Amino acid sequence: MRRLLLVAATAITAATAGTALSQDAKMSFFVTSVGSGKGADLGGLKGADAHCASLAEAAGVTGKTWHAYLSTSDTDARDRIGKGPWVNAKGVKIADDVASLHSDANGITKQTALNEKGEVVNGRGDTPNRHDMLTGSKPDGTKIADQTCGDWTMSGAEGGAMMGHHDRTGLDDSTAAKSWNSSHASRGGCSQEALKGTGGDGLFYCFATD
């Protein structure tokens, strides 16, 4: 009898683990749990994409192509992320497609813009505040001139980066303060210290393109 119970318990555990793994494998959107550690110097788009892939794989999600939601002087973030739909690590839908992602219909909030581990990322009111997401983009997901920290290769006192608020919260109730992808530029340059100074940590969004 004990043997039968043990076998049954093992089967249930395996089934539960399989379900969890299946749910995690659906993840196609997340906020990076950590940045490059060098402010807005991400090693360009190639380095940022590799960072997304590395974090996803470490979280157990493999077989996907990941791109960072970042614009550069010759690239629009909206054109880098595939067609959708996208869901977070808990299986919650963020948006059906590029158009809905860049509309008021998107599902990005502090509770849904989770990191690759399925954890809530600190926002305004938390210590430390980490709600500034690097994007270099306008609200429609197109590039914004001279606000990409040298196309994500700068980490000093020069330059600046446009950032959005993953928690949709800022200093006031303005549209910019509530924008997930185009809230304000960094102040004091592109260094880690400059990004932290306005409530950031060099984090950014990652999307699966397939």
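1. Start at Lys143. At 32% relative accessibility, this residue counts as partly exposed. The model is a predicted one. Lys143 forms a salt bridge with Asp76, with 3.3 Å from N to O. Asp76, by contrast, is buried, at 15% relative accessible area. The cut-off for buried is under 20%.

2. Where do Lys143 and Asp76 lie? Lys143 sits in the loop between strand 5 (132–134) and helix 4. Asp76 sits in the loop between strand 2 and strand 3. The two residues are 67 apart in sequence, so their salt bridge ties together separate parts of the chain.

3. Ser73 belongs to the loop between strand 2 (66–68) and strand 3 (86–87). Ser73 is exposed, at 52% relative accessibility; the cut-off for exposed is over 50%. Which residues does Ser73 touch, once neighbours within four places in sequence are set aside? They are Lys143 and Asp151. With Asp151 there is a polar contact, side chain to side chain, at 2.8 Å. Thr148 is also worth a look: its C-alpha atom is 7.5 Å from that of Ser73, across 75 residues of chain.

4. How many salt bridges does the whole structure hold? The search finds five. One of them, Lys143 with Asp76, is covered above. Two others follow.

5. Lys93 and Asp96 make a salt bridge, with 2.7 Å between the closest N and O atoms. Both partners are partly exposed. Lys93 has a relative accessible area of 46%, and Asp96 has 41%.

6. Arg130 pairs with Asp201 in a salt bridge; the closest N and O atoms are 3.0 Å apart. This pair links distant parts of the chain, 71 residues apart. Arg130 is in the loop between helix 3 (98–101) and strand 5, while Asp201 is in strand 8. Are these partners buried or exposed? Arg130 counts as buried at 18% relative accessibility. Asp201 counts as buried too, at 15%.

7. On to the disulfides. The count is two. A disulfide is a covalent bond between the sulfur atoms of two cysteines. Counting bonded cysteines along the chain, the pattern is 1-4, 2-3.

8. Cys52 and Cys206 form one disulfide, with the sulfur atoms 2.0 Å apart. Cys52 lies in helix 2 (residues 44–58) and Cys206 in strand 8 (residues 200–208), so the bond ties together parts that are 154 residues apart in sequence. Strand 8 also carries Asp201, the salt-bridge partner of Arg130. The torsion about the S-S bond is -80°, and the link is left-handed. Cys52 is buried at 0% relative accessibility. Cys206 is likewise buried at 0%.

9. Cys149 and Cys190 form a disulfide, again with sulfur atoms 2.0 Å apart. This pair links distant parts of the chain, 41 residues apart. Cys149 is in helix 4 (residues 149–152). Cys190 is in the loop between strand 7 (184–185) and helix 5 (192–197). Why is this disulfide called left-handed? The torsion about its S-S bond is about -95°, so the link is left-handed. Cys149 and Cys190 are both buried.

Technical notes. Residues numbered from 1 in each chain as written. Predicted model: local features only at pLDDT ≥ 70, side-chain atom pairs only at ≥ 80, totals over all residues. Heavy atoms only, no water. Disulfide = S-S within 2.5 Å. Helix = DSSP H or I, 4+ residues; strand = E, 2+ residues; numbered from the N terminus. Buried < 20%, exposed > 50% of the residue type's maximum accessible area, 1.4 Å probe, protein only. Contact = heavy atoms within 4.5 Å. Polar contact = N/O pair within 3.5 Å; in protein donor to acceptor, adjacent residues only side chain to side chain. Salt bridge = Lys/Arg side-chain N within 4 Å of Asp/Glu carboxyl O.
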